[in-house]
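Biologist: I am new to this structure. Please pick a single part and take me through it closely, then show me how the rest fits around it.

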Amino acid sequence: MARVELVMPKMGESIIEATILNWVKQVGDVVETDDTILEIATDKVDSEVPSPVDGKIVEILHEPDSVVAVGSVIAVLETDAEAVVADSPATGSTTTEDAESSAASQQSSVQPDTPKETPGSVGAAAQSVKKEITAVTTAEGRFYSPLVRTMAAKEGIGQAELDSIPGSGKDGRVNKSDMLAYLKRRDNGFINGTHAQPAAAAPASTPSRPGPSLSGQDEIVAMDRMRKLIAKHMVDSKRTSPHVTSFIEADVTGIVNWRNRTKQRFQEQYGEKITFTPIFLEAVAKAIKDFPLVNVSVDGDNVIKRGNINIGMAAALPTGNLIVPVIKNADRLNLLGLTKAVNDLAGRARAGKLQPAETQDGTFTLTNVGTFGNVMGTPIINQPQAAILAVGAIRKKPAVLETDFGDVIAIRQMMFLSLSYDHRVVDGFLGGSFLRRIGDYLERFNDKRTDV
């Protein structure tokens, strides 16, 4: 029997870890290729991890609710030799383990002084190669996961400082919680005018923040996993980007009248319900083409101008939380195409059937706070994007109209739009001009149009 390691899959360019929600299969269960073994989640979407081979699960290395770095081994399967096909019948089938031990043997041949592996240690050799790929073990034998290494690099923590951090994990390993606790002490040291001391020299106990005052009528409700991920994402965004929000009010009477006349025919002809969201997305895509410097992200001291216009739209989940599926290349879709994309993504979001790729690579986000009856909002930027638009409820209001015969007051359908943007790269002139252009496209909507 050959052993195959199941690793935490990469779920997107910016995803470095995922949470194990549930093991669908258990130790001893026999699985076939593509059978779902476990369910995982990131801050963007839930997903299933399939079996790469036919075999039996012999080890599960992480419990539910564990946060595991991408590329880390999460389970081990046993499979028949013939289950993983080899080209050479003389040597038997080539498995993942054999390939890795072969790599280790090649490394030994380059370094003659390195002792050869005994037949009983092939699995150990394969594991050591795997660790070199997915993690780092120092000369002193201390293990650091990819997540910890990434956090250290991001915060400018050198190897000597990293070695000084005490770990609470297995065999004294440093985990994410240890890093966050150390960074908090480290930041406080700089704020107070002192350099960070090695964590070992920190006081045995630090004063904790007083807990909330509770009465007998109060109830403590733990955040669910999604809420905790959203909370972290929002706090990180406010810490990263200096938010500025601009507001305009737009007259969307033409849009409302056109939709009222068209929605029944639209559904009969195309089998789709036409809402206001595709119309808003159409205006946003046009405005981004006019002001491409809003469609950017920040990487250190560099600004990345995005070549595609991928607009995310906030959609409600059954739990009440929000998720942001992304319409790729929204500027290339007509109104019918946008309508189909909106209806499809929103429907599958409510059913919990979005795929990971459908929440990735957004370059701009639209959130419709009018859905909740709100007239305006100050949305938080969806990192690493540079701007987010909130559209409010459409309400009938008296408005002043200019006519050839003078100004008149009329009842119009009015809506507030608010744009939050990252003031590091989008200044007031650019943000305000972009927002005004969206309003112009909405107000100039042709209520006689027949194209979709």
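Modeller: A residue counts as buried when its relative accessible area is under 20%, as exposed when it is over 50%, and as partly exposed in between. Keep in mind that this is a predicted model.

Start with F291. F291 is buried, because its relative accessible area is 15%. F291 sits in the loop between α8 and β12. That loop is our part.

F291 has a ring partner, F434. F434 is buried too, with a relative accessible area of 0%. The two ring centres are 6.4 Å apart and the planes stand at 80°, so the pair is edge-to-face. F434 belongs to helix α10, residues 428-443. In sequence, F291 and F434 are 143 residues apart, and the pair links distant parts of the chain. A third ring joins in: F291, F364 and F434 are linked by ring pairs into a cluster.

Now move along the loop to N295. N295 lies between α8 (276-290) and β12 (296-299). Its relative accessible area is 2%, so N295 is buried. The side chain of N295 makes a polar contact with the side chain of T363, at 2.7 Å. The N295 side chain also reaches the backbone oxygen of N308, at 2.9 Å. Set aside the neighbours within four places in sequence. N295 is then in contact with I288, I304, K305, R306, N308, I309, T363 and F364. F364 appears in that list, and F364 is a member of the ring cluster as well.

Step back into helix α8. The structure holds five aromatic pairs. In one of them, F276 and F280 are stacked, 6.2 Å centre to centre with 15° between the planes. F276 and F280 both lie in helix α8, four residues apart, about one turn of the helix. Their exposure differs in class. F280 is buried at 3% relative accessibility, whereas F276 is partly exposed at 21%. R259 lies over the face of F276, 4.8 Å from the ring centre.

Next come the charged pairs. There are 14 salt bridges in the structure. One of them joins R412 and D251, with 2.8 Å from N to O. R412 is in strand β21 (residues 406-422) and D251 is in strand β11 (residues 243-251), so this pair ties together parts that are 161 residues apart in sequence. R412 is partly exposed at 25%. D251 is buried at 13%.

Helix α9 (residues 335-350) gives another view. D344 and R348 both lie in it, four residues apart, about one turn of the helix. Their side chains meet in a salt bridge of 2.9 Å, N to O. D344 is partly exposed, with 38% relative accessibility. R348 also meets E358 in a salt bridge, at 2.6 Å. E358 lies in the loop between α9 and β18 (364-368), so the pair ties together parts that are 10 residues apart in sequence. Elsewhere, salt bridges that share partners join K232, D236 and R239 into one network.

Finally, the whole chain. The protein chain has 10 helices and 21 strands. Of its 452 residues, 40% count as buried. Take the contacts between residues at least 6 apart in sequence: 62% of them join residues at least 24 apart. The accessible surface comes to about 25,200 Å², and 51% of that belongs to carbon and sulfur atoms.

Methods:
Residues are numbered from 1 along each chain as its sequence is written. This is a predicted model: local features need pLDDT of at least 70, side-chain atom pairs count only at pLDDT 80 or more; totals for chains, interfaces and linings use all residues. Side-chain values use heavy atoms; hydrogens and water are left out. A salt bridge is a side-chain nitrogen of Lys or Arg within 4 Å of a carboxyl oxygen of Asp or Glu. Helices (H or I, at least four residues) and strands (E, at least two) are DSSP runs, numbered from the N terminus. Buried means under 20% relative accessible area, exposed over 50%, partly exposed in between (1.4 Å probe, protein chains only). A polar contact is a pair of N or O atoms within 3.5 Å; within protein, one must be able to donate a hydrogen and the other to accept it, and residues adjacent in sequence count only if both atoms are side-chain atoms. Contact means heavy atoms within 4.5 Å. Accessible areas come from the Shrake-Rupley method with a 1.4 Å probe; for residues, only the protein chains shown count as cover. Rings of Phe, Tyr and Trp (its six-membered ring) pair if their centres lie within 6.5 Å; planes under 30 degrees apart count as stacked, over 60 as edge-to-face and the rest as tilted. A charge sits over a ring if NZ of Lys or CZ of Arg is within 6 Å of the ring centre and within 35 degrees of the ring normal.
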